[in-house]
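I opened the model and kept notes as I went. Each entry begins with something I wanted to look up.

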Amino acid sequence: MPSLTKMIFGNGPLGPSLAPWIRQRPGLQKYWARWSNFYKNAAGYRQKGYLYDDLIVEETPQVQKALQRLSPQQRYDRVFRMRRGIQQSMGHKKLPKEQWTTPEQDVRYLTPLIEQVVAEEAERAEWDYMTVEKIQQKRAEKRNIFSKREGTH
Amino acid sequence: MYSLAKLPRGQSALKTALRRSVSSKASSAGGVSVIGFENKGPAATSSLTVAIKAGSRFESTPGVAHVLKNFAFKATANGSSLKTARETELYGGVLSSALSREHIFLTAEFLRGDEEHFLSVLTSVLSSSHFYGHELKELVLPVVQSEAIAAQSSPTTLALDAAHKLAFRKGLGNSLYASPHYPVTIDDVKSYAQGAFSKSNVAVIGSGISTESLSQVVSSAFGSGSSQPGSSGLNTSKTSYYGGEARIPLDIHAPPTALPTLVIAYGTTSPATPELKVLKQLLGGESSLKWTPGTSPLAQAADKVPGGSAKAFLLPYSDAALFGVVISAPTSPQLAGLAKEVAQIIKSAGSAAKDEEIKRAVAKATFADATASETLEGLIANVGPALFAGGEVKSESFSGVSASSVSKAASELLKAKPTVVAVGNVNVLPYA
């Protein structure tokens with residue numbers, strides 16, 4: 001589960017989300033799921049054939065990198081959905097009901113990749129700004145199978 | 001004046017020196033052969049090498065061995081590739097991987113005292129490499145591409161690669177480098193790695209580490225490793241020698257350091273004998289002194305062409321060998337002339353050799369064999385194949401070599417069809 005800071009202030013290009021905290025409490029999740037499903041149906045993206053992750057702002061370096069990591073099929077499907085949705089928007093139309101995104105299709109395909117990219121950047125920043133303390137002393141203290149014990153040859 | 005009588009004494013001293021440095025061979029630490037050289041190398045650093053019998057010879061799809069070699073030290077269960085690299089830097093070590101036609105070598109050089117950490121790095125590469133698809137695209141393929149381009153731009157490398165392809169076709173004939181014409185996917189790499197990283201395919205060479213503790217740690221580390229006990233999972237085919245001819249044009253935009261090159265080679269389907277090593281030194285091509293071309297026939301021929309060179313080579317493999325000459329000259333017409341001369345020299349190789357020349361060649365070959373194990377690279381190149389062959393590492397004995405045996409070996413070698421690769425202005429360069 002990400003830290004409270006990340007849940008309140010957002011994880012890079014992904015916005016703030018208390019979802020991990022809620023998912024850990026099954027009773028609360030069952031109650032909350034009704035409201036989140038209502039929101040997803042009312043938001044309007046499903047009626048234009050989009051998935052939720054198509055709406056993530058892609059003009060950030062992390063999301064661009066995550067988009068490079070999609071498989072060719074995922075990339076093609078995303079472009080198709082974008083073109084279809086833009087066409088609908090231009091005519092102020094919705095798709096016929098059979099072509100709306102179903103809840104089973106609405107998989108978060110991009111969010112795990114974005115989280116992966118953000119985690120890699122965070123790891124790099126951690127390594128860049130870490131300080132090294134007392135490696136020599138630790139080495140002297142450490143005894144492993146390879147080091148000779150004092151007293152024997 | 002150096003006296004040839006000194007030679008036998010030098011050889012026995014050499015033998016004792018080698019015996020002293022090879023400490024012990026623990027044959028199977030959990031199915032993995034381990035060898036340690038306790039007194040070798042600098043006093044402050046040690047090195048660990050894992051030799052995997054998964055060179056380009058065994059690859060299932062073209063280029064996958066090259067990609068797998070570059071996939072070493074990427075994300076494993078121990079941590080990401082960044083973590084491995086930064087930790088190694090903090091420890092003050094060097095990680096490297098090398099590919100030969102028969103083996104992949106993963107090497108870690110480090111300060112004494114850090115053996116545990118680097119052995120865990122090496123074993124995690126073998127047992128728990130993740131092989132992420134995005135790592136292939138972002139980290140590995142750019143390196144593979146640059147190495148392949150560098151190989152293409154050097155005519156000698158290009159010619160030797162083509163010579164192997166003509167000589168051995170499949171198996172040893174597989175190119176060392178990946179090609180853009182045959183893209184390698186992550187699934188290819190994963191399946192090749194699964195076959196390659198089995199315990200029977202792996203050997204550990206330690207330098208500057210006590211062998212008993214090394215074998216103990218290796219058996220505990222690999223005991224929990226891969227699940228294939230006996231089979232190697234990689235296709236091994238018998239080597240046969242074909243021979244042939246290839247003519248490759250040199251691009252007009254090639255850098256001026258790319259000289260037209262011609263390779264004349266002969267292959268055998270048995271491991272390299274001492275006679276072949278002596279024959280290589282007999283033909284020579286390299287000088288032991290500055291500013292003089294040397295006394296070998298190839299060197300004398302190359303001296304007539306300013307900027308030209310003709311060097312004999314012997315590439316030994318576990319069940320075959322490729323013997324030949326690499327000739328290069330600044331322009332293709334000069335190369336044509338030089339190549340015709342060299343072909344004459346090769347045809348008469350070994351048959352007209354005088355006793356003194358043979359003795360000189362034997363001395364040079366003994367020295368080359370002895371000094372080959374002095375650098376870490378040379379040591380690994382010698383010891384790795386020997387470990388997989390199951391034999392002890394011993395120095396080659398040249399006592400059985402005489403003028404008649406050398407000429408016999410040469411004539412048998414030259415009976416086969418030659419392999420000729422010409423790189424340069426193909427209109428001018430000669431045919432076989």
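**Entry 1: confidence**

Over which residues at the start of chain B does pLDDT stay under 50, and how many contacts beyond four places in sequence does the model have for them? I found residues 1-21 of chain B, with 14 such contacts. Here pLDDT is the predictor's confidence in each residue, from 0 to 100, and contact means heavy atoms within 4.5 Å. I noted a second stretch under 50, residues 224-231 of chain B, with 11 contacts beyond four places in sequence.

This is a predicted model, numbered from 1 along each chain as its sequence is written, with chains lettered from A and ligands numbered from 1 in the order in which they are written. Local features need pLDDT of at least 70, side-chain atom pairs count only at pLDDT 80 or more, totals for chains, interfaces and linings use all residues, and side-chain values use heavy atoms, leaving out hydrogens and water.

I then checked chain B as a whole. Its mean pLDDT is 81, and 88% of its residues reach 70 or more. Among the elements of chain B, helix α1 (residues 7-21) has the lowest mean, 46, and helix α2 (residues 64-70) the highest, 95. Helices (H or I, at least four residues) and strands (E, at least two) are DSSP runs, numbered from the N terminus. For the complex, the predictor gives an ipTM of 0.80 and a pTM of 0.85.

**Entry 2: R86(B)**

I found R86(B) in helix α3 (residues 81-91) of chain B. Is R86(B) buried or exposed? R86(B) counts as buried because its relative accessibility is 18%. The cut-offs are under 20% relative accessible area for buried, over 50% for exposed, and partly exposed in between (1.4 Å probe, protein chains only). Beyond four places in sequence, R86(B) touches R124(A), W127(A) and D128(A).

**Entry 3: strand β6(B)**

I looked at β6 (residues 202-207) of chain B, where 6 of 6 residues are buried. In a regular strand the side chains alternate between the two faces of the sheet. I listed V202(B), V204(B) and G206(B) on one side, and A203(B), I205(B) and S207(B) on the other.

Two strands pair if DSSP finds at least two bridges between them. Strand β2(B) runs parallel to β6(B), with 5 bridges; S33(B) has A203(B) as its partner. Strand β3(B) is antiparallel to β6(B) over 6 bridges, and T49(B) stands opposite I205(B).

**Entry 4: an open sheet**

I traced 5 strands of chain B in the order β7-β11-β8-β10-β9, with mixed pairing. The edge strands are β7(B) and β9(B).
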